[in-house]
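Thank you all for coming; I would like to take you through one model this morning, beginning with how its parts are arranged and then turning to how the helices pack. Please keep the display in view while I talk.

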2 protein chains.
Amino acid sequence: MVEFHVDRGSGLPAYLQLGQQVREALRLGWLRPGDRLPTVRDVVATSGVNANTVLKAYRELELAGLVEARQGSGTFVKSSLGSATPEDLDPLRAKLAAWVAEARSAGLEDEDVYALLREVLSGGER
Amino acid sequence: MVEFHVDRGSGLPAYLQLGQQVREALRLGWLRPGDRLPTVRDVVATSGVNANTVLKAYRELELAGLVEARQGSGTFVKSSLGSATPEDLDPLRAKLAAWVAEARSAGLEDEDVYALLREVLSGGER
DNA sequence: TCTATTGTCTTAGTTAACTAGAACAATCTG
DNA sequence: CAGATTGTTCTAGTTAACTAAGACAATAGA
C-alpha cells in the first residue's frame with residue numbers, strides 16, 4: 001500500500017503531488033498492475049486534502065491509462081511505467097548509492113546532487 | 001548571463017520556476033557573487049511573464065540573502081549556494097555522467113533516473 | 001544637468017486551485 | 001437481500017497566482 005504525503009505550501013498543487021507519487025511508485029516497482037491505490041476517503045483522512053482534489057489526481061492517472069477506477073471496489077493499477085526491470089535496477093541503484101556517498105563526503109548537499117544530475121541529463125546545455 | 005525559460009502549464013508557479021533556476025545556477029557555479037541577473041524587463045520580454053511575477057521571484061531571492069537589488073543598475077548576486085568547489089564538482093560530474101550512460105543503455109528513461117536518485121537520497125525509506 | 005535604464009509600486013481584474021458539505025451510484029460482503 | 005464501502009457528481013465559495021497597464025523613484029552615464 002502506498003502512503004501519500006502532501007506538502008502544503010510547496011507551491012506544487014496537491015493533485016499533482018499525488019499523481020507524481022503514484023508515477024514514481026510505478027517507476028520504482030512499488031506499485032504493480034493489479035495493486036489497489038488507497039481509497040479516496042483514505043487519502044482524505046491521511047493527507048487532509050479534499051475528496052475532489054484526490055479525485056482529480058486519480059482521474060488524470062486514469063486518463064493517462066495508468067490506473068482504473070472501479071466503483072464500489074477501489075482504484076487499481078492498470079499499467080506499469082518505466083522500461084527497466086528490477087534485475088537491471090538493483091545494480092544501478094547500488095552504483096548510484098556509492099556515488100552519492102562520495103558526493104556527500106565531498107560536501108555536496110542533496111540540492112547540489114539534484115542540480116548536478118539535471119545538468120548531466122540535459123547534456124550540459126544551458 | 002542566465003537565460004530563463006518558464007514552462008507554462010507545468011503546474012509550478014512562474015515565480016517559483018524563476019527562483020529555482022537562479023538557485024540552480026548558483027549551485028552549479030554558473031552564477032557567482034557580483035554577477036548581474038537579467039533585468040526585470042528583460043525577463044518580461046524573453047519569458048512572457050508579468051513584471052510583478054519577476055519581481056516576486058527576485059524579492060524572494062533577496063529575502064533569502066542570495067541577491068541584492070540596486071535600483072537603477074540591476075539585481076546582483078550577493079552570496080553563493082552550495083558547499084562544493086568546482087574542483088570537487090568536476091570529477092563527480094564525470095563519474096555521474098558515466099553512470100547515467102550506463103543507466104540509459106539499460107533502458108532507463110530520465111524519469112526513471114530521477115526516481116532512482118530520489119529513492120537513494122531519501123535513504124530508501126517509504 | 002539631462003536622459004535612459006532599472007527596480008518598485010498601485011490598482012483592477014481574471015483564472016485556476018482548492019475547500020466544504022452533501023448527495024448519488026455501483027459494488028462487495030455477510 | 002441488507003448494509004457497508006467505494007467512486008462520483010454537484011453547487012457554492014475562498015484563496016492564491018497571475019495578468020495588465022501605468023506611474024513613480026533611484027541610479028548610471030553622457
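**Two copies and their helix contacts**

A turn of 180°, with a shift of 0.0 Å along the axis, lays chain B on chain A with an RMSD of 0.0 Å. The two copies are thus related as by a two-fold rotation axis, and I should say at once that what we are looking at is a predicted model. If you want to find that axis on the display, look for L12(B), which, of the residues of chain B, comes closest to the axis, its C-alpha lying at 2.8 Å. As for the surfaces involved, 100% of the interface residues of chain B are also interface residues in chain A, so the copies meet through the same surface.

Let me now describe the single chain. Chain A has 5 helices and 2 strands, and along the sequence these follow the pattern α-α-α-β-β-α-α. The chain is divided into domain 1, residues 14-77, and domain 2, residues 86-121, and the centres of these two domains of chain A, taken over C-alpha atoms, are separated by 28 Å. Along the principal axes, the C-alpha atoms of chain A fill a box of roughly 50 × 35 × 25 Å.

Next, the packing of helices, first within the chain. How do helix α2 and helix α3 of chain A cross? Their axes, for residues 40-47 and residues 51-63 respectively, come within 9 Å and cross at roughly 125°. That angle makes α2(A) oblique to α3(A), and the crossing of the two is right-handed. From α2(A), the residues V40(A), V43(A) and V44(A) meet A51(A), V54(A), L55(A) and Y58(A) of α3(A). Sorted by class, this contact of α2(A) with α3(A) has 7 nonpolar residues, with no polar and no charged ones.

Between the chains, the pair to consider is helix α5, residues 110-121, of chain A and helix α5 of chain B, whose axes come within 11 Å and cross at roughly 165°. α5(A) and α5(B) are therefore roughly antiparallel to each other, and α5(A) passes α5(B) in a right-handed crossing. On the chain A side the contact is made by D110(A), V113(A), Y114(A), L117(A), R118(A) and L121(A), and on the chain B side by D110(B), V113(B), Y114(B), L117(B), R118(B) and L121(B). The residues of this contact of α5(A) with α5(B) divide into 8 nonpolar, no polar and 4 charged.

Conventions. Residues numbered from 1 in each chain as written. Chains lettered and ligands numbered in written order. Predicted model: local features only at pLDDT ≥ 70, side-chain atom pairs only at ≥ 80, totals over all residues. Heavy atoms only, no water. Axes fitted to C-alpha atoms, helices over the stretch in contact; angles between N-to-C directions. Helix = DSSP H or I, 4+ residues; strand = E, 2+ residues; numbered from the N terminus. Parallel < 35°, antiparallel > 145°, perpendicular 65-115°, else oblique. Left-handed = near helix turned anticlockwise from the far one by under 90°. Contact = heavy atoms within 4.5 Å. Nonpolar A, V, L, I, M, F, W, Y, C, P; charged D, E, K, R; others polar. Least-squares fit on C-alpha atoms with pLDDT ≥ 70 in both. Domains from an automatic or database assignment.
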